[in-house]
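Subject: Structure for you to look at

Hello,

Here is the structure I said I would pass on. My notes follow below it.

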Amino acid sequence: MPEPNQHIALICNPTAQNSKALHMAAAIAGLLKGQNIAYSLFTTYWPQMWNGITQAWIIGGDGTVNHFINQNPYLKLPMAVFAGGTANDLHFQLYGSIGLEEQVMRVLQAEPQFVDVGQCKGRLFLNGVGIGFDGAIVRQLLGKKKRPGKASYLLTILNHIFRYKETFAELKWKEGQLAQDCFMISVANGRRFGGGFTVAPKAVVQDGLLDLMVVGAIAAHRRIRYLPLIERGEHLALPFVQYHQTGCVVIQSAMELPAHRDGEYFSAKRFEIRCLPHHFSFLL
């Protein structure tokens, strides 16, 4: 049974006209009202204080969740995320394919469970950091209206996959190191990026580790052949792919590299990325 005296904050993205999230928030509010559970709906601003709030339910995609955790990096309230965005990889990792009413009932009955978070350049992420080709794709999508799921990501990949040039990078982590030309470097907390690409198929958000996946040099005309394998998470045995698990990794390059944290674009020559175990709690 739901705990007595609950007061749930329903959090929508206050900066975007996201009709999907707004309609979903209204539906969730109706379900909570039917259960006589108190709630507050935030659609134009987010609370600065959490007095009286017992849970935070985030209604939006990976970008909304990323913005929320970085605005509230030390939040101790149990959270839930509902798939109200264009990319919902975290939601899929935590809840799988589930209907809205079923998820509401499940979350109301759930006990909080701790999950890990990653940190890079002072910012937090729940899915992962993509460096190189992955970052260049996110850079190309800046300011553009995104289609649901992986459609926007996939179209941009197809437009740039033959032109992107590998960059030499040095990587060091506790258990090893390497220095080579890199097409793509992913440092993952969760399994999926880009609206459904299973970049890190072994990743678990509760294991205290980050999953490092390095794609080396690939001839341009061969890249399109391997894209479906990365989408399905079947790429780890490829000869130009290295996969490691670690708590912290440092990546350096002489050139500025394009990158993203859960879809948030940035660039750098040096990246220190670490796992913060059991940092947030989610209602699973």
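About 13,000 Å² of the protein chain is exposed, and carbon and sulfur atoms supply 53% of that area. Please keep in mind that this is a predicted model. Buried residues make up 54% of the 284 residues in the chain.

On charge, the protein chain has 27 positive and 20 negative charges, and the mean positions of the two sets lie 7 Å apart.

As for the overall fold, there are 7 helices and 14 strands in the protein chain. Its radius of gyration is 19 Å, close to the 19 Å that the globule rule gives for 284 residues, so the chain is as compact as a globular protein of that length. The C-alpha trace spans about 60 × 35 × 30 Å along its principal axes. Of the contacts with a separation of 6 or more, 73% are between residues 24 or more positions apart.

I looked at the pairing around one strand, β5 (residues 112–120). Strand β14 (residues 264–283) pairs with β5 in the antiparallel sense, over 8 bridges. Within that pairing, Q113 stands opposite F282 of β14.

β5 also pairs with strand β6 (residues 123–125), again in the antiparallel sense, here over 3 bridges. C120 has R123 in β6 as its bridge partner. The two strands β5 and β6 form a hairpin with 2 residues between them. In the turn, K121 has a positive phi of about 55 degrees.

Regards

Technical notes
Residues numbered from 1 in each chain as written. Predicted model: local features only at pLDDT ≥ 70, side-chain atom pairs only at ≥ 80, totals over all residues. Heavy atoms only, no water. Helix = DSSP H or I, 4+ residues; strand = E, 2+ residues; numbered from the N terminus. Rg over C-alpha atoms; globule rule 2.2 N^0.38 Å. Buried < 20%, exposed > 50% of the residue type's maximum accessible area, 1.4 Å probe, protein only. Contact = heavy atoms within 4.5 Å. Areas by Shrake-Rupley, 256 points an atom, 1.4 Å probe, with all protein chains shown as cover. Lys, Arg positive; Asp, Glu negative; His and termini not counted. Charge placed at Lys NZ, Arg CZ, Asp CG, Glu CD. Pairing = 2+ DSSP bridges.
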